[in-house]
Amino acid sequence: MQVSNTRQIKQLQFGELFFRKGLALSALLLGIILLSIFITILVASLPSIKAIGISFFYGKTWNPVENDFGGLPFLIGTLVTSILALIISVPFSISVGLFLGEYFTKGFLSVFFKNSIELLAAIPSVIYGFVGMFILVPFVRDLETSLSLPPYGVGIFTASIILSIMIIPYSVSLIRQVIMLVPSSLKEAAYSLGATRYEVIKNIIIPYTRSGIGAGILLSLGRALGETMAVTMLIGNSQILPTNIFAPSNTMASVIANEFTEATGDVYLSALIEMGLFLFVVTTIINVIGRQIIKRFSID
Amino acid sequence: MERGIQIRKYKNIVLKTGVVLFTVIVTLPLLLVLLYIFKRGISAISWDFLANLPKPVGETGGGIFNALIGSAIIIGIAALIAIPFGVSIGVYLSEFRKTKLAYWTLLSVDVLQGIPSIVIGIVIYLWIVKTMGSFSALSGSIALSLMMLPSIIKSTEETLKLIPDSLKEASLSLGVPYYRTILKVILPAGISGILSGVMLGIARIAGETAPLLFTAFGNPFTNTNILKPMASLPLVIFNYAISPYDEWHELAWGAAFLLILFILLLNTLTKLAEKKWRVQF
Amino acid sequence: MESTILKSENFSAWFGENQVLKKINIEIPRNNIVAVMGPSGCGKTTFIRCVNRMHELTNDTHVEGTIFYTKNDIYKMDPIILRRFIGMVFQRPNPFPTMSIYQNVIAGYTLNGASLRKPEKDELVEDSLKKAALWDEVKDMLHRKGTFLSGGQQQRLCIARALAMKPEILLLDEPTSALDPISTAKIEELLFDLKKNYTLLIVTHNMQQAGRVSDKTAFFYLGELIEYNDTKEIFTNPKNEKTQNYITGRFG
């Protein structure tokens, strides 16, 4: 099959060039979009940054009617909820990671639990929130009554439990990956010296994968900080600085979800966007660091 | 010595039991959520539920037709935007692995994947809703398309990376231009992986609520104009779930049931796609 | 007098800083089988990958000097066009996994967007498969996947696929290295038949194969063309010491 005329050849060469440039352009476009996202929220946050300044991070009162935009209650709410969720999730994440990455790497049990964990990640946030309102809230209310605390049912504790369930799948998939990367020669060497599996895990696997497990937990923290719907539905939406872990509170993401469409006034809207900027910057830093660690780990 | 071994064995068993126990505990919430949704949801499902609009507070019955149509439109347009864009980025990443642009693009994908969905909502609000002066289904679709990009890009890249170079060379040696080689040889050979990425992406955005709050916004009526506010399943679940009315909770349970069903279906299809349509080299 | 179909002039090629071909001058006569042999790493595969300009697909490669296909400088031709005159068969059989046997044979046309009518396609498929000595074995299962065939059959399918494009030259890069002896024998037999209509350039690290199938043999060593002559001469009366060492098995 021969092509002889030059017009056809020109067409071919044009198509070839156009395609390659198109691919590169689409990749470039993604970077541009990301940069634009950052610039957009930065610029939209400027009115708030100018008007509120640094007190955004330590002001205790959030009262948009009075033009008080102190974000400390939400900063605390976000950090406490996320860290509590992290503390609850870590033992589970590491256990499931060991289960799938070391104890049962093949076979029915492995497939069953791996799929279950994937489904856990597939359930939408709004559904976790909804079911949490009906199952977890009454449970926590009873718990609070028995501890003679005000029986809100909703609050930091409730949100943290749901949040921990939601972030477990992310850390599990990463922890499982790094555990599976442990060279079997290392493990075999230990076994051949008479080590038990417990000792292999404690002395070989955990030290070898420490940085990778850390990165997995870090990345799940990134998830937790920005998680919105379930938290919004379960945290109680209080603007007051929380005094204990059962208190109703608000996270930055849930404040945005609740107040964004109702925000009147430029500074108010801008203050909400500034929280978005904060979330964006923090999660991006966490993500880049976490991914970098994982990448270095898999190359070693 | 004898006792030492006993203790070591004991520790070994304790650890294993603990790991198994914790793993089982982790799957309990899944079971609980699924069972609860099925129990509450199935009773809500009826023909009226699927074909009617929501009724005002106080009246029983009514349905979520508006949200079903809305979700289909919003997800459909999001997929139409994200699939070609994501696949071409994936192709770029697998074809030009060592370039600087590829390095930065991979980093961008990671960052995009980590951005909280509510932040995407804010940005699309500022870009589109504010510019066009109205909440709209289109803005919701654009927000969701950004959310599904990472899974399409990653699965495309990872699938194509595994396709042996010999296949590309076979095509090029027949005088087939590069772009036809990619479109007609490489992409079809990787179709199972790409499709599973697309379906996982759709499953992910089907339940996304946060980015729709300030974009598609929701609509109590059936709307097919993509430049106007539109209802969607997750929005309906959220709005009715936080309402104090039992009738609306009923609607929300029904909607949640349908949403879960759809997501389970997509997950199953993904597994099938990975197995059945896998191309043997 | 036989005419020259391919001719290289002071042709050199690099992978990055590493020069893998050093000023190669060679003339390939039409309707001959030319074997390119030498120990691994000698540049023989690179050489034939330069002939259809596949070498440049690898990142960070460049060439100097030139190769003429008939009277045309191949580096002034469009590689896509060039590759339609010069077919290639690879070390490992690489039929298109998504296509049937039938589709594989006419892949060069369909992938290029050519529209053929059904009878034309049928004829092309039958003709090419017959030339590749595969027709009898597959004529009843043309619509099964190409990857379903045995390795030797797959390789002949790849030859049929290349022949369907009606090339002038066929490049074969160690086409039997992944095959069993019986399949190898079949392919070697096939090469004899193909000689009538095509010029064949076959890379092999197997001296016996070079001796069995080729009219002329080129011996490459460390990127240089050490000796090029009629196969009989090379094997019975090598001029160069290195060639002699190689064919007597003293290195390589």
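In what order do the elements of chain A run from the N terminus on? Select chain A and colour by secondary structure; the order is α-α-β-β-α-α-α-α-α-α-α-α-α. That amounts to 11 helices and 2 strands. Keep in mind throughout that this is a predicted model.

**Stop 1: chain A as a whole**

Stay with chain A and show its C-alpha trace. Along the principal axes the trace spans about 80 × 70 × 35 Å. The radius of gyration of chain A is 25 Å, well over the 19 Å that the globule rule gives for 300 residues, so chain A is more spread out than a compact globule. Of its 300 residues, 48% are buried. For a contact map of chain A, take pairs at least 6 apart in sequence: 73% of those contacts join residues at least 24 apart.

**Stop 2: Thr284(A)**

Next, select Thr284(A), which is found in helix 11 (residues 266-299) of chain A. Is Thr284(A) buried or exposed? Neither label applies: with 19 other C-beta atoms within 10 Å, Thr284(A) is partly exposed, because a residue counts as buried only at 20 or more. Now show what surrounds it across the chain boundary. Thr284(A) touches Val111(B) and Gly114(B), leaving aside residues up to four places away in sequence. For a distance label, pick Ser146(A) as well: Thr284(A) and Ser146(A) are 41 Å apart in space, C-alpha to C-alpha, and 138 residues apart in sequence.

**Stop 3: where chain B meets chain A**

Select the residues of chains A and B that are in contact with each other. Chain B contributes 65 residues and chain A contributes 64 residues. On the side of chain B that touches chain A, the elements giving two or more residues are helix 1 (2-42), helix 3 (65-95), helix 4 (100-114), helix 5 (117-132), helix 8 (178-189), helix 10 (210-213), helix 11 (233-241) and helix 12 (246-276) of chain B. Highlight helix 1 of chain B, since that is where the largest share of this side is found, at 20 residues. Colouring this side of chain B by residue class gives 46 nonpolar, 12 polar and 7 charged residues.

**Stop 4: two helices inside chain B**

Hide chain A and keep helix 3 and helix 6 (residues 137-161) of chain B. The axes of helix 3 and helix 6 of chain B come within 6 Å and cross at roughly 35°. This crossing of helix 3 and helix 6 of chain B is right-handed. Where helix 3 of chain B contacts helix 6 of chain B, there are 22 nonpolar, 8 polar and 2 charged residues.

**Stop 5: where chain C meets chain B**

Bring in chain C. Its contact with chain B takes 23 residues from chain C and 20 residues from chain B. On the side of chain C, helix 2 (79-85), strand 6 (86-89) and helix 4 (107-111) each supply at least two residues. Helix 2 of chain C gives the most, with 4 residues. By class, the side of chain C that touches chain B has 11 nonpolar, 9 polar and 3 charged residues.

**Stop 6: a hairpin in chain C**

Finally, select strand 9 (residues 216-221) and strand 10 (residues 224-230) of chain C. These strands run antiparallel and are joined by 6 bridges. Phe219(C) stands opposite Glu227(C), which lies in strand 10 of chain C. The hairpin has 2 residues between the strands, and Leu222(C) takes a positive phi near 50° there.

Methods. Residues are numbered from 1 along each chain as its sequence is written. Chains are lettered from A and ligands numbered from 1 in the order in which they are written. This is a predicted model: local features need pLDDT of at least 70, side-chain atom pairs count only at pLDDT 80 or more; totals for chains, interfaces and linings use all residues. Two residues are in contact if their C-beta atoms, placed from the backbone, lie within 7 Å. Ala, Val, Leu, Ile, Met, Phe, Trp, Tyr, Cys and Pro count as nonpolar, Asp, Glu, Lys and Arg as charged, and the others, Gly among them, as polar. Axes are lines fitted to C-alpha atoms, for helices over the stretch in contact, and angles run from 0 to 180 degrees between N-to-C directions. A crossing is left-handed if the near helix is turned anticlockwise from the far one by less than a right angle, and right-handed if clockwise. Two strands pair if DSSP finds at least two bridges between them. The radius of gyration is taken over C-alpha atoms; the globule rule is 2.2 Å times the number of residues to the power 0.38. A residue is buried if 20 or more other C-beta atoms lie within 10 Å of its own, exposed if 12 or fewer, and partly exposed in between; C-beta atoms are placed from the backbone.
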